[in-house]
Amino acid sequence: QVQLVESGGGLVQAGGSLRLSCAASGSIFSIKTMGWYRQAPGKQRELVAAITSGGSTNYADSVKGRFTISRDNAKNTMYLQMNSLRPEDTAVYYCNAEIRPIGGPFWYDYWGQGTQVTVSS
């Protein structure tokens, strides 16, 4: 069984910083791309940033220059450093990963439970 657990959300003032973590655990053979998504009230879930197993990254235009995604492959953990936060960054942030469990040839899409980030003005 595979599980993704996010942590690090909270309430911060505009201009502040937060660091999110996503730890993958369980019967994991390999992890390909990992990513952070967010969903604000009344809006669709959107990609914030993604990182491949080799370290290639891509970002939503709205967060470029402010957010940095990284991962520690040895720990099966991904991070999102969020600086210069704005009220419009307020959302539930979800971790996503393409994972191949031990014992099978297939890759599956896994999601975390989400962590709330609230930025006050």
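Q: Which residue stands opposite Gln81 of S8, looking from Thr68's side of the pairing: what is Gln81's partner there?
A: Thr68 does. Keep in mind that this is a predicted model.

Q: What makes S7 and S8 count as paired strands?
A: Two strands pair if there are at least two bridges between them. S7 and S8 have 6 bridges, in the antiparallel sense, so they qualify. Their hairpin has 4 residues between the strands, and Asn76 there takes a positive phi near 50 degrees.

Q: What does Gln81 face in S3, and how do you know that S3 and S8 pair?
A: Arg19 stands opposite Gln81. As for the strands, S3 and S8 share 6 antiparallel bridges, and the cut-off is at least two, so the pairing holds.

Q: How do you know that S1 belongs next to S3?
A: Again by bridges: S1 and S3 (residues 18–26) are joined by 6 of them, antiparallel, against a requirement of at least two, so they pair. One concrete spot is Val2, whose bridge partner in S3 is Gly26.

Q: Why are S1 and S7 called edge strands?
A: The sheet is open, with 4 strands in the order S1-S3-S8-S7 and antiparallel pairing. S1 (2–7) and S7 (67–72) each pair on one side only, which is what the name edge strand refers to. From one strand to the next, the twist averages 15 degrees.

Q: What makes S8 a mostly covered strand?
A: Buried means under 20% relative accessible area, and 5 of the 6 residues in S8 are buried, so "mostly covered" fits.

Q: Which residues have the most contacts inside the largest nonpolar core?
A: Trp36, Leu80, Met82, Tyr93 and Ile99, in a core of 31 residues. Elements that give two or more residues to this core include S4 (28–39), S5 (46–51) and S11 (115–120). The largest share, 5 residues, comes from S9. In general, nonpolar side chains tend to be buried together in soluble globular proteins.

Q: What does Leu80 touch, leaving out residues up to four places away in sequence?
A: Quite a list: among them are Leu18, Leu20, Trp36, Val48, Phe67, Ile69 and Tyr93.

Q: Why is Ser121 called exposed?
A: Exposed means over 50% relative accessible area. Ser121 has 86%, so the label applies. Ser121 is found in the segment after S11.

Q: What does Ser121 touch beyond four places away in sequence?
A: Ala14 and Pro87. The C-alpha atoms of Ser121 and Gly15 are separated by 8.9 Å, with their positions 106 residues apart along the chain.

Terms used
Residues are numbered from 1 along each chain as its sequence is written. This is a predicted model: local features need pLDDT of at least 70, side-chain atom pairs count only at pLDDT 80 or more; totals for chains, interfaces and linings use all residues. Side-chain values use heavy atoms; hydrogens and water are left out. Axes are lines fitted to C-alpha atoms, for helices over the stretch in contact, and angles run from 0 to 180 degrees between N-to-C directions. A nonpolar core is a set of buried Ala, Val, Leu, Ile, Met, Phe, Trp, Tyr and Cys residues joined through side-chain atoms within 4.5 Å. Buried means under 20% relative accessible area, exposed over 50%, partly exposed in between (1.4 Å probe, protein chains only). Contact means heavy atoms within 4.5 Å.
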